[in-house]
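Student: I have a new model open and would like to know what stands behind each label people attach to it. Could we go through the terms one by one?

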Amino acid sequence: MSPSRLDPYRPTWAEIDLDALAANLAAVRQRVRAAPILAVVKADAYGHGAVEVARALEAEGVETFGVALPEEGIELRRAGIARPIVLLGGFTPEQAEPVLAHDLIPAIYRPDQVAALAGAASRRGVRAKAHLKIDTGMGRLGLPAADVPAFAPLLEETRAIDLCGAFSHLAVADDPADPFTRLQIDLFLRALEALRERSLRPAQVHLANSAAILDHPPAWLTLVRPGLVLYGYLPSDRMTPLAVRPVLSLRSRIIYLKSVSPGTSLGYGRTFVASRTTRVGSLALGYDDGVPRSVGNKGHVLVRGRKAPIIGRVSMDLTTVDLGEIPDVALGEEAVVIGRSGQEALGADQVAAWAGTITWEVLCGIGSRVPRLYRRAGREKVASRFDATLA
Ligand SMILES: Cc1ncc(COP(=O)(O)O)c(C=O)c1O
């Protein structure tokens, strides 16, 4: 049973086990020994809710947070998060003022960012902290490692910027056998040398995402940046295991139930046609709520601890399941898309495999209209985008 505090909402909710989050953090800490943690809480903490997740992690002593955007950092500051927040994706020159106003530490990698940040810092009479983002092979964003020697003098001259960090991102760390990770680590270390030659000595140098935390100790350096592993999943099945457990479960209810006879079609495109008489349940969630459209006619949900195949196309708000093998299911019963039901469990990684995508995308795909029910040390709290609407 979901608690009555969910009554104002459509019967679909995500449960976030903050005790599991704390346990996963402890497991990461044990693996990396002394390295401080930059917890990655971008994209609304991978769909778990950035504010509540950051509050819980701050209470557990996480040293630093990482988000992608200034907006995400401001959201955390407004919620009272006090630890340092690094903007891993950087900022636009127009955002320099709000970045400083909210005490955020941006990644920098373009000369116009240096100018804008230094200008805003000078106007405020402060030194702006920043981390240099160096591209060692991911190839998306960041100063190419080969360009660091040419860029360093600009940073050295810009006294209004305190270059307290430098980082890079690994492209294939989830394959422990791929030699490219070693090349990226070496390139990064050489880029740090080039900074040192210009008397730039960032104290925080970091490279390690979840995969590198699990399998590349040389990448741990002075700070590690776990994302996925904090939420309870391993980046791939090739990783050295770590005892983490999923933090989130996604649950819904059967809001319509009917018997169908052979030949009856269901959903857009009529991609499912019943071959026998069966019972069909309609669940109160769809692809805006975290069931990828591509799992239509693939995979299953759990009802009473048993598998109910997903039939027909998943639509925006609804998913249909075959309940023919589960006797006596009633209207209003719970269906588990991610999580535990009886002796069975379904992971976001399994849903991702059916959908032909990755665990990260499934978690991030749980839309903002799904209320989040947080559990912590026996206490519960609901957070929803509709809180003000329904108040
Ligand atoms: C720069 C950076 N560091 C760390 C992470 C965390 O990665 P993961 O979720 O694989 O641990 C991300 C996530 O994409 C990232 O963009």
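Tutor: Gladly. Let's begin with a cut-off: a residue is buried under 20% relative accessible area, exposed over 50%, and partly exposed in between. Keep in mind that this is a predicted model.

Student: Why is Ile 255 called partly exposed?

Tutor: Its relative accessible area is 41%. Partly exposed is the class between under 20% and over 50%, so Ile 255 belongs there with its 41%. You will find Ile 255 in strand 11, which covers residues 248-260.

Student: What makes the nonpolar surface patch that includes Ile 255?

Tutor: Ile 255, Tyr 256 and Leu 318 make it, and the patch is about 290 Å². Patch members need over 30% relative accessible area, and Ile 255 has 41%.

Student: How do you know whether the overall dimensions agree with a compact globule?

Tutor: For 391 residues, a compact globule would have a radius of gyration near 21 Å; the protein has 24 Å, which agrees. The C-alpha trace spans about 75 × 50 × 40 Å along its principal axes. The protein contains 12 helices and 21 strands.

Student: What share of the residues is buried, and what supplies the exposed area?

Tutor: Buried residues account for 54% of the 391. The protein exposes about 16,800 Å², with carbon and sulfur atoms supplying 52% of that area. As for contacts, take those between residues at least 6 apart in sequence: 66% of them join residues at least 24 apart.

Student: Which way do the residues of strand 3 point?

Tutor: In strand 3 (residues 64-67), Thr 64 and Gly 66 point one way, while Phe 65 and Val 67 point the other way. Why the alternation? In a regular strand the side chains alternate between the two faces of the sheet. Here all four residues are buried.

Student: How do you know that strand 3 pairs with strand 2?

Tutor: Pairing needs at least two bridges, and strand 2 (residues 38-40) and strand 3 have three, in the parallel sense. One of the partnerships is Leu 38 with Thr 64. Strand 3 is also joined by three bridges to strand 4 (residues 85-87), again running parallel. There, Gly 66 has Val 86 as its bridge partner.

Student: What makes Arg 245 and Asp 17 a salt bridge?

Tutor: The cut-off is a side-chain nitrogen within 4 Å of a carboxyl oxygen. Their N to O distance is 3.9 Å, so the pair qualifies under that limit. Arg 245 sits in the loop between strand 10 (223-224) and strand 11, and Asp 17 in strand 1 (residues 12-17), so the salt bridge ties together parts 228 residues apart in sequence. Arg 245, at 41% relative accessibility, is partly exposed, and so is Asp 17 at 25%.

Student: Why is Arg 123 called exposed, and what is the class of Glu 97?

Tutor: Exposed means over 50%; Arg 123 has a relative accessible area of 62%, so it is exposed. Glu 97, with 31%, is partly exposed. These two form a salt bridge, their closest N and O atoms being 3.1 Å apart. Arg 123 is in helix 6 (residues 111-124) and Glu 97 in helix 5 (residues 96-101), 26 residues apart, and the pair links distant parts of the chain.

Student: What does the salt bridge of Asp 317 and Arg 369 tie together?

Tutor: Their side chains meet at 2.8 Å, N to O. Asp 317 lies in the loop between strand 16 (306-311) and strand 17 (319-322), and Arg 369 in the loop between helix 11 and strand 20 (372-376), so parts 52 residues apart in sequence are tied together. Asp 317 is partly exposed at 36%, as is Arg 369 at 22%.

Student: How many salt bridges are there, and which residues are linked in a network?

Tutor: The structure holds 25 salt bridges. Arg 5, Glu 15, Arg 251, Glu 334, Arg 375 and Glu 380 are linked in a network of them.

Conventions:
Residues are numbered from 1 along each chain as its sequence is written. This is a predicted model: local features need pLDDT of at least 70, side-chain atom pairs count only at pLDDT 80 or more; totals for chains, interfaces and linings use all residues. Side-chain values use heavy atoms; hydrogens and water are left out. Patches are made of residues with over 30% relative accessible area and no salt bridge: like charges are joined within 9 Å, nonpolar side chains (Val, Leu, Ile, Met, Phe, Trp, Tyr) within 5 Å. Accessible areas come from the Shrake-Rupley method with a 1.4 Å probe; for residues, only the protein chains shown count as cover. Helices (H or I, at least four residues) and strands (E, at least two) are DSSP runs, numbered from the N terminus. Buried means under 20% relative accessible area, exposed over 50%, partly exposed in between (1.4 Å probe, protein chains only). The radius of gyration is taken over C-alpha atoms; the globule rule is 2.2 Å times the number of residues to the power 0.38. Contact means heavy atoms within 4.5 Å.
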